[in-house]
Amino acid sequence: MKLFLRLLTGSTVLAVVLWLYFAGKDSSGAFEWNRAVESVKQLPDIPFLAAFAIFPLVGFPISVFLAMAGLKFGFMKAMLLSAVAVYFHNAVAYWLGGQLFRDPLQAFLEKRNQTLPEIKKDHQKLFTFVYTAVPGIPYAPKIYLLSLA
């Protein structure tokens, strides 16, 4: 499953890069950045927003969607859209983590005499801020692990 997700993510990133490259080429074969930007702006809104909502939850890099949203909608609309998307991703990950992943993970850890870490109530906000602000862990694992803590 891990290999499948890596292959899916890698092939999707490659497809987006190739699409931008070929969309930006003119009739002489030269790449023009403005043509690539125009092709992003012409993407249909609903499929783009659906992909922005779903793909980062399954491991696709959110940075691709953040950049494309900036190109497509402009700075202010993209910032608002990104805030809504991140809120949506965290809400879905919190629900999935609590409903689907917590019990099987706890059972797996208990067989190995381990437990999920407990974060004291007065440290939760600071932990959440530091955990999300510090780079290192990719976006999807970060939001799912945060929902389990």
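These legends go with several views of one predicted model of a protein chain.

**View 1. The whole chain is helices and loops, with seven helices and zero strands.** Reading along the sequence gives the pattern α-α-α-α-α-α-α. If you boxed up the C-alpha atoms along the principal axes, you'd need roughly 65 × 35 × 25 Å. The radius of gyration is 19 Å, while a compact globule of 149 residues would come in near 15 Å. Even so, 57% of the contacts with a separation of 6 or more link residues 24 or more positions apart.

**View 2. The surface of the chain adds up to about 10,500 Å² of accessible area.** Carbon and sulfur atoms own 69% of that surface. Buried residues, meanwhile, are 26% of the 149 in the chain. As for charge, there are 14 positive and 8 negative side chains. Take the centre of each set and you'll find the two lie 4 Å apart.

**View 3. Helix H3 turns four buried residues toward its neighbours H4 and H5.** H3 runs over residues 45-54, and its buried residues are Phe48, Ala51, Phe52 and Ala53. What do they pack against? The partners are helix H4 (62-73) and helix H5 (75-111). A handy reminder when looking at a helix like this: an α-helix has 3.6 residues a turn, so residues three or four places apart point the same way.

**View 4. The largest nonpolar core has 19 residues.** Those with the most contacts inside this core are Phe48, Phe52, Phe65, Ala69, Ile143 and Tyr144. H3, H4, H5 and helix H7 (139-148) each chip in at least two residues. Two of the names here, Phe48 and Phe52, are also on the list of buried residues of H3.

**View 5. A close look at Tyr144, one of the core residues with the most contacts.** Which residues does Tyr144 touch, leaving aside those up to four places away in sequence? The answer is Leu57, Ala93, Leu96 and Phe101.

**View 6. Ser27 sits in the loop between helix H1 (2-23) and helix H2 (33-41).** Is Ser27 buried or exposed? Its relative accessible area is 84%, and the cut-off for exposed is over 50%, so Ser27 counts as exposed. For a sense of span, pair Ser27 with Thr115, which is 88 residues apart from it along the chain. The C-alpha atoms of these two residues are separated by 61 Å.

Notes. Residues numbered from 1 in each chain as written. Predicted model: local features only at pLDDT ≥ 70, side-chain atom pairs only at ≥ 80, totals over all residues. Heavy atoms only, no water. Rg over C-alpha atoms; globule rule 2.2 N^0.38 Å. Buried < 20%, exposed > 50% of the residue type's maximum accessible area, 1.4 Å probe, protein only. Contact = heavy atoms within 4.5 Å. Areas by Shrake-Rupley, 256 points an atom, 1.4 Å probe, with all protein chains shown as cover. Lys, Arg positive; Asp, Glu negative; His and termini not counted. Charge placed at Lys NZ, Arg CZ, Asp CG, Glu CD. Core = buried A, V, L, I, M, F, W, Y, C linked by side-chain atoms within 4.5 Å.
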